[in-house]
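Please report on the structure shown below, covering its salt bridges, its DNA contacts and its pockets.

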Amino acid sequence: MKQGNEPSQARLPLSWFRQGALPLAPQLLGRTIVRVTDEGVIRARIVETESYVAPHDKGCHAYNNRRTKRTETMFQRAGHAYVYLIYGMYHCLNVVAAEEGQAEAVLIRAVAPLTECDESIMKRYRSLSSNKFVNLSNGPGKLCRAMHIDKSFDGYDMIAGEEMWLEAGKPVMPEHILCATRINIPYAEEYADVLWRFYVADDPYVSVKDKQAVSLAVRERMLETFGSEDFGWN
DNA sequence: CCTGCGATGGCCT
DNA sequence: GGCCATCGCAGGA
């Protein structure tokens, strides 16, 4: 019998994934990512995300709707995984978030293992010798290594797939969500300063905490006031 | 706590 | 040839 506070294990449907990267990113927080590996099933809670939105976003690989072998996955239907290699040795996992032909995706930047069993498997894949468990998955490259996600999952269908998917979990309420600038995209010019990174306030697995972060509610009020992402801070 | 730096390879001009 | 949605380590405060 399901208890009232127990996180939902229902798979998230296509209609939920396709709402666009900006609405989706904060709603991904608190959801469960499930990965079926040779070492066992890993379940983890998403605690940090970033939105990437073609065509205008200069931080997005598909800026100006650039279609290349790598970015082609971002143009797929929502619910596919976009996985790419970064700095020659790490992978990053994104969830495609719009209609086919429209390149929007949400980068999963940090997750927290749900149980000691999850920790144990992730620790093995990470080759982590210390007991500083936050190091398992407090970063996009770390979580991919911990959950054994690599380029073979690029284009993977997370709505129907049997090796990796998302469950409803327990969404994080807006008052517990902070918004901040995205990490390591100084080249994105005016889009380097938009508050498109979202994370769970006070969660130890968040990769980078930003003193200037604002609550989701504040960001939305500012959007109404300024009518754009440019809040006049620069 | 912080800052700098090397690793390492696919991607894109 | 240069860049890169990263990480772990070294060294200093």
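The side chains of Arg 67 and Glu 72 form a salt bridge, with N and O 2.8 Å apart; a salt bridge here is a side-chain nitrogen of Lys or Arg within 4 Å of a carboxyl oxygen of Asp or Glu. Arg 67 counts as partly exposed because its relative accessibility is 49%, and Glu 72 is partly exposed as well, with a relative accessible area of 34%. Buried means under 20% relative accessible area, exposed means over 50%, and partly exposed lies in between (1.4 Å probe, protein chains only).

The model is predicted: local features need pLDDT of at least 70, side-chain atom pairs count only at pLDDT 80 or more, and totals for chains, interfaces and linings use all residues. Residues are numbered from 1 along each chain as its sequence is written, chains are lettered from A and ligands numbered from 1 in the order in which they are written, and side-chain values use heavy atoms, with hydrogens and water left out.

**Salt bridges**

The whole structure contains 12 salt bridges. Side chains of opposite charge can pair when their charged atoms come close. Two further pairs are described here. Arg 109 pairs with Glu 50, the closest N and O atoms being 3.8 Å apart. Arg 109 belongs to strand 6 and Glu 50 to strand 3 (residues 40–53), so this bridge ties together parts that are 59 residues apart in sequence. Helices (H or I, at least four residues) and strands (E, at least two) are DSSP runs, numbered from the N terminus. Both Arg 109 and Glu 50 are buried. They also take part in a network of salt bridges that links Glu 48, Glu 50, Arg 109 and Arg 197.

Glu 190 forms a salt bridge with Lys 58, with the closest N and O atoms 3.2 Å apart. This pair links distant parts of the chain, 132 residues apart: Glu 190 is in the loop between strand 8 (177–180) and strand 9 (197–200), and Lys 58 is in the loop between strand 3 and strand 4. Glu 190 counts as partly exposed at 44% relative accessibility, and Lys 58 counts as partly exposed at 23%.

**DNA strand C**

A residue is near a strand if one of its heavy atoms lies within 4 Å of it. There are 21 residues around DNA strand C, and Tyr 84, Asn 94, Arg 126, Asn 184 and Tyr 187 come nearest. Of the atoms of DNA strand C that come within 4 Å of the protein, sugar and phosphate account for 60%. By class, the residues of this surface divide into 12 nonpolar, 6 polar and 3 charged. Ala, Val, Leu, Ile, Met, Phe, Trp, Tyr, Cys and Pro count as nonpolar, Asp, Glu, Lys and Arg as charged, and the others, Gly among them, as polar.

The table lists polar contacts with both DNA strands; a polar contact is a pair of N or O atoms within 3.5 Å, and within protein one must be able to donate a hydrogen and the other to accept it, while residues adjacent in sequence count only if both atoms are side-chain atoms.

| Residue and atom | DNA atom | Distance |
|---|---|---|
| Tyr 90, side-chain N or O | strand C, sugar or linking oxygen | 3.4 Å |
| Arg 126, polar side-chain atom | strand C, phosphate oxygen | 2.7 Å |
| Lys 142, backbone N or O | strand C, phosphate oxygen | 2.9 Å |
| Thr 68, polar side-chain atom | strand B, phosphate oxygen | 2.3 Å |
| Tyr 87, polar backbone atom | strand B, base oxygen | 2.4 Å |
| Gly 88, backbone N or O | strand B, base nitrogen | 3.2 Å |

**DNA strand B**

The residues around DNA strand B are Arg 66, Thr 68, Arg 70, Leu 85, Tyr 87, Gly 88, Met 89 and Lys 151. Sugar and phosphate make up 66% of the atoms of DNA strand B that come within 4 Å of the protein. The surface near this strand has 3 nonpolar, 2 polar and 3 charged residues.

**Polar contacts within the protein**

Thr 73 is in the loop between strand 3 and strand 4 and counts as buried at 6% relative accessibility. Its side chain is joined to that of Asp 154 by a polar contact of 3.1 Å. Asn 131, in the loop between helix 3 (116–126) and helix 4, counts as exposed at 59% relative accessibility. The side chain of Asn 131 makes a polar contact of 3.3 Å with the side chain of Lys 123.
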